[in-house]
Amino acid sequence: MKFIDSILRGIIGQVIFQNNIYSGILFIIGIFYNSWIMGLAALIGTIISTITAQSLKYSEDDIKNGLYGFNGTLTGIAVLCFFEFNLITAIALVLN
């Protein structure tokens, strides 16, 4: 549950500087409503960046507050916004 809380805070909660999971839930619903591919990219980008921060032993408080998730969210969306979805962009999304 703690990991999901970090993901939801990082998705959009930090992008619009709202440190709560409800903002993250609303924005991810909005992204999925617009494009399920962009929503999936945002979610995957956030999950990967949060896992990376945990594996590199960054500050637990910063991870909990979603500080490392928002870059992954924006990068995930940007990769699929500017490039056609194919194997290379899928790999780039995972490696972001």
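Buried here means under 20% relative accessible area. By that cut-off, M38, G39, A41, A42, G45, T46, I48, S49, T50 and A53 are the buried residues of helix α3. The model is predicted. This briefing covers helix α3, its packing against α2, the loop that follows, and selected positions in α4 and α5.

**Helix α3**

- Helix α3 runs over residues 36-55.
- Its 20 residues reach 28 Å from the first C-alpha to the last, close to the 28 Å expected at 1.5 Å a residue.
- Among the buried residues of α3 are A41, A42, G45, I48 and S49.
- An α-helix has 3.6 residues a turn, so residues three or four places apart point the same way.
- I44 also belongs to helix α3, but its relative accessibility is 29%, so I44 counts as partly exposed.

**S49 in α3**

- S49 has its place in helix α3.
- Its relative accessible area is 12%, which is under the 20% cut-off, so S49 is buried.
- Apart from neighbours within four places in sequence, the contacts of S49 are Y68, G69 and G72.
- Of these contacts, Y68 lies in the loop between α4 and α5.

**Packing of α2 against α3**

- Two packed helices are described by the angle between their axes and the distance between the axes.
- For helix α2 (residues 21-34) and α3, the axes come within 5 Å and cross at roughly 140°.
- The crossing angle makes α2 oblique to α3.
- Angles over 145 degrees count as roughly antiparallel, and the value for this pair is roughly 140°.
- By class, the contact of the two helices has eight nonpolar, two polar and no charged residues.
- On the α2 side the residues are I28, I31, F32 and N34, and they meet W36, M38, G39, L40, A42 and L43 in α3.
- M38, G39 and A42 from this contact are also among the buried residues of α3.

**The loop after α3**

- K57 comes just after α3 and sits in the loop between α3 and α4.
- Most residues other than glycine have a negative phi.
- K57 has a phi near 60°, a positive value in a residue other than glycine.
- With a relative accessibility of 71%, over the 50% cut-off, K57 counts as exposed.

**The aromatic pair**

- One aromatic pair is found in a search of the whole structure.
- The pair is formed by Y58 and Y68 and is tilted, at 5.0 Å centre to centre and with 45° between the planes.
- Y58 lies in the loop between α3 and α4 (60-64) and Y68 in the loop between α4 and α5 (69-82), so the pair ties together parts that are ten residues apart in sequence.
- Y58 counts as partly exposed, with a relative accessibility of 39%.
- Y68 counts as partly exposed too, with a relative accessibility of 27%.
- Besides pairing with Y58, Y68 is in contact with S49 and with D62.

**D62 in α4**

- D62 is located in helix α4.
- A relative accessible area of 26% makes D62 partly exposed.
- Leaving aside neighbours within four places in sequence, D62 is in contact with L67 and Y68.
- D62 and I11 are 51 residues apart in sequence, and their C-alpha atoms are 14 Å apart in space.

**α3 and α5: C-alpha separations**

- I44 and G72 are 28 residues apart in sequence and 7.9 Å apart in space, C-alpha to C-alpha.
- G72 is also one of the contacts of S49.
- T75 is in helix α5, and its C-alpha atom is separated by 8.8 Å from that of T46, 29 residues apart along the chain.
- T46 is buried, whereas T75 is partly exposed, with a relative accessible area of 32%.
- A78 lies in helix α5, and its C-alpha atom is separated by 9.0 Å from that of A42, 36 residues apart along the chain.
- A42 is buried, whereas A78 is partly exposed, with a relative accessible area of 28%.
- A42 also takes part in the contact of α3 with α2.

How values were computed
Residues numbered from 1 in each chain as written. Predicted model: local features only at pLDDT ≥ 70, side-chain atom pairs only at ≥ 80, totals over all residues. Heavy atoms only, no water. Helix = DSSP H or I, 4+ residues; strand = E, 2+ residues; numbered from the N terminus. Buried < 20%, exposed > 50% of the residue type's maximum accessible area, 1.4 Å probe, protein only. Contact = heavy atoms within 4.5 Å. Expected span 1.5 Å × (residues − 1). Axes fitted to C-alpha atoms, helices over the stretch in contact; angles between N-to-C directions. Parallel < 35°, antiparallel > 145°, perpendicular 65-115°, else oblique. Nonpolar A, V, L, I, M, F, W, Y, C, P; charged D, E, K, R; others polar. Phe/Tyr/Trp six-rings, centres within 6.5 Å; stacked < 30°, edge-to-face > 60°.
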